[in-house]
Amino acid sequence: MLKEYDCWLQYRKVTAQVNFPKTVFVQKRGEVTDNAAREFAAGIERLLGLKLAVKQIKTPPTNDNAVFLLFDDKEGKNEKLKTEGFKINILQNKILITAADENGLLYGVYRFLSLLANGELKYDLEISESPVSPLRIINHWDNFDGTIERGYAGNSLFYKNGNFNFDIKRIEDYARLLASVGINRISINNVNVRDKAKLLITKEYLSEAAKLAAIFRRFGIRLLLSINFGAPWSLGKLPTSDPLDASVAAWWKERAALIYKYIPDLAGFLVKADSEGEPGPFQYNRTHADGANMLAKAVKPFGGEIIWRCFVYNCQQDWRDKSFDRARASYDHFKPLDGSFDDNVILQIKFGPYDFQVREPVSPLFGALTKTRHIMELQITQEYTGHQIDLCYLPSVWQDILEFDTSHGQNSKIMDLIKPYKEGSSYIEGFAAVVNVGLDNNWTGHTLAQANLYGYGRIIWNPCLTAKEIAKEWSVLSFGKENTEQKAAQIAEDILLKSYRAYEKYNAPFGVCFMVTPNSHYGPNIEGYEFSRWGTYHRADAKEIGIDRTKKGTGYTGQYSPNNESIYEDPAVCPENQLLFFHRLKYDFIMKNGKTLLQNIYDNHFEGYDEAVSMTEEWKSLSKILEKDVYKSVLSRFERQLVNAREWRDQINTYFFRRTGIGDKNGRKIFD
């Protein structure tokens with residue numbers, strides 16, 4: 001029976017593929033190891049109905065028929081057994097899960113249980129894995145009042161009415177879900193640290209934060225706290241928050257000492273500064289390196305790090321000024337500072353130059369930074385991709401991002417650059433993503449949106465995994481593979497793999513971006529941002545659409561490597577799904593399929609809606625197979641998606657028909 005709350009860790013009996021020992025020997029180490037042993041025993045009971053005896057040992061017995069959870073922390077003895085890595089061996093008389101450290105042992109346990117649930121265990125199986133991404137972070141945008149900025153699955157897991165308010169059992173279940181896909185960091189409050197949230201770093205609230213830290217700690221996850229850069233002024237009552245003022249630096253050092261007294265293993269602070277009204281060093285004519293380094297010095301004695309967001313741009317743009325290009329902002333701000341940051345500062349860079357759009361190019365900062373630690377920021381919560389109403393399987397686009405070649409030297413694809421930081425390299429240390437969970441019973445609002453949370457963990461653990469492989473894993477783990485369960489899993493996989501392209505088709509065309517309802521960002525509003533201060537324009541008229549970002553326009557293409565600049569400069573070779581991001585083109589521009597730009601816009605929007613209809617019909621075929629509550633819950637989302645897709649299709653097509661007076665060559669209905 002599928003229970004939405006259990007996500008991919010279903011209580012579903014499976015067939016044991018090997019003879020299972022009744023005893024687990026675990027090599028004593030610490031609380032994560034103890035938890036790994038408990039999780040193993042609980043997982044086996046969940047999947048096989050077997051109760052195992054767990055025994056702690058100092059050195060493993062040699063002849064026992066048992067499961068062994070062991071450590072081999074001599075890195076280099078086995079090249080694949082690296083930090084947080086593990087090895088699984090299934091022999092005729094014993095099962096071995098070996099790790100370099102406690103987190104690795106826990107991940108090895110979850111991988112073993114996943115293999116068991118997927119029916120992939122067999123004798124003589126030997127698997128060795130370690131995470132490609134050292135930092136695997138979840139960002140919460142939860143507010144102290146219990147709301148969640150860009151939250152589409154209910155209220156906060158952590159807060160209510162201006163205070164901490166959490167169910168310990170639910171937090172444990174959430175930590176289990178995250179650890180099962182390898183997450184090792186979590187920030188628990190919104191990067192927009194406003195009002196009462198500023199008090200999170202005071203004695204009044206740190207004891208509750210410490211309780212959360214203790215739960216996540218058992219699952220190998222360390223807390224991050226989002227802070228307000230202006231806290232010395234707004235909270236500490238200093239006359240300034242100038243990062244070069246000695247009293248400000250002293251205030252942060254004292255504050256860090258207090259925080260680490262409550263949470264000794266705090267990973268550090270997450271900071272949004274000088275962005276969308278948040279305070280920052282620009283207020284004092286200082287650089288972002290000045291601001292980040294001051295904070296870095298405060299947390300360094302405790303092993304802490306500063307994660308500094310690069311989402312910095314002028315949000316007061318005059319739409320009349322065509323010389324200004326918001327897309328340039330992150331590179332223009334941070335590339336000149338490369339090498340100026342302390343060694344415990346990590347820049348967090350959004351994957352694209354805009355803001356989590358359905359389709360935009362990869363930020364030119366990746367591959368260009370060679371002296372500064374940095375990670376990539378993704379968005380699991382579907383701010384611009386359907387609000388967890390419309391199905392949109394995000395690993396499909398994440399795979400595209402990982403395969404992007406920065407063309408800065410050899411082995412320069414994003415997936416090749418994910419490594420521990422090395423001075424003088426352009427390595428990406430990992431990922432952070434804004435999460436999509438809330439208090440809804442199924443965690444993510446749309447049950448199938450659980451695949452995005454699962455997929456994030458899996459693809460950053462191993463960027464070589466394809467979106468298809470991840471969809472298959474998630475579908476079998478969630479729906480099962482026995483009898484009728486197999487049909488449900490296959491259909492769920494098929495729907496997931498169709499969903500991103502369908503959504504992209506009926507959304508803003510060819511990377512033009514921001515034809516969306518202001519503020520909420522759900523549904524079409526073609527000129528909603530066209531005369532706003534946000535710098536998100538398409539400037540469509542009767543003849544042309546798009547922004548010229550070539551060297552003849554804003555010069556944005558020049559931020560890329562010479563090879564990529566030449567690709568983006570030429571509309572004939574520019575990737576067509578980003579064509580209108582880089583170019584201003586006439587509607588009669590001929591695309592690679594021989595059709596005009598306008599006809600392709602029409603075709604895509606008709607096709608996108610039709611594909612949404614097709615996905616809905618596929619789901620309806622499961623009406624007699626799935627539990628009624630699951631079936632109806634997802635069906636209600638598809639029905640809402642069809643309304644949204646219809647509006648996108650009709651509004652976009654009508655808008656361009658009215659602009660140009662040119663109809664659809666296939667005679668389909670467009671409203672005048």
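Helices (H or I, at least four residues) and strands (E, at least two) are DSSP runs, numbered from the N terminus, and with that convention Asp195 can be placed in the loop between β10 and α4 (203-217). The structure is a predicted model, in which local features need pLDDT of at least 70 and side-chain atom pairs count only at pLDDT 80 or more, while totals for chains, interfaces and linings use all residues. Residues are numbered from 1 along each chain as its sequence is written, and side-chain values use heavy atoms, with hydrogens and water left out.

Asp195 has a phi near 55°, a positive value in a residue other than glycine. To say how open such a residue is, one uses the relative accessible area, found with a 1.4 Å probe on protein chains only, where buried means under 20%, exposed over 50%, and partly exposed in between. Asp195, with a relative accessible area of 68%, is therefore exposed. Asp124 can be described alongside it, for this residue also has a positive phi, of about 70°, although it is not a glycine. Asp124 lies in the loop between α2 and β6 (126-129), and because its relative accessible area is 60%, it counts as exposed.

Other loop residues are enclosed, and Asn184, in the loop between α3 (168-180) and β10 (185-187), is buried because its relative accessibility is 2%. Its surroundings can be described by contacts, meaning heavy atoms within 4.5 Å. Leaving aside neighbours within four places in sequence, Asn184 is in contact with nine residues that can be named in turn: Glu84, Asn103, Tyr107, Pro134, Leu135, Arg136, Gly220, Ile221 and Arg222. A stricter term is the polar contact, a pair of N or O atoms within 3.5 Å, of which, within protein, one must be able to donate a hydrogen and the other to accept it, and for which residues adjacent in sequence count only if both atoms are side-chain atoms. The side chains of Asn184 and Glu84 are joined by a polar contact of 3.3 Å, and the side chain of Asn184 also reaches the backbone nitrogen of Arg136 at 3.0 Å.

Tyr560 sits in the loop between β17 (544-545) and α13 (562-569), and its relative accessible area of 6% is why this residue counts as buried. Not counting residues up to four places away in sequence, Tyr560 touches Pro361, Val362, Ser363, Pro364, Phe404, Glu565, Tyr568 and Phe582. The side chain of Tyr560 reaches the backbone oxygen of Val362 at 2.7 Å. Tyr560 and Tyr331 are 229 residues apart in sequence, and their C-alpha atoms are 9.8 Å apart in space.

A whole helix can be enclosed as well: seven of the nine residues of α9 (residues 395-403) are buried, so this helix is largely enclosed by the rest of the structure. Those buried residues are Pro395, Ser396, Val397, Trp398, Gln399, Ile401 and Leu402, and they pack against β15 (374-379), β16 (430-434), α10 (450-461), α11 (467-479) and α12 (484-506).

The cysteines can be searched for disulfides, each being a pair of cysteine sulfur atoms within 2.5 Å, and the count comes to zero. Cys7 is too far for a bond, because its sulfur is 19 Å from the closest cysteine sulfur, in Cys392. Cys310 is likewise in no disulfide, since the nearest cysteine sulfur, that of Cys315, is 17 Å away. With a relative accessibility of 3%, Cys7 counts as buried, and so does Cys310, at 1%.

Finally, there is the space inside the model. Rolling a probe the size of a water molecule over the atoms shows where empty space is left. A cavity is a set of points, on a 1 Å grid over the protein atoms alone, where a 1.4 Å probe fits but cannot get out, and its lining residues have an atom within 4 Å of a point. Nine cavities of 30 Å³ or more are found in the whole structure, and the largest holds about 320 Å³ of space. Of the 28 residues that line the largest cavity, Tyr110, Ser114, Ser180, Tyr454 and Leu477 lie nearest its centre. The largest share of this lining, six residues, comes from α2.

Key: 1 Å grid on protein atoms, 1.4 Å probe; cavity = no way out; pocket = protein on both sides within 12 Å on 5 of 7 lines; lining within 4 Å. Points joined across faces, edges and corners; volume = space filled by probe spheres on them.
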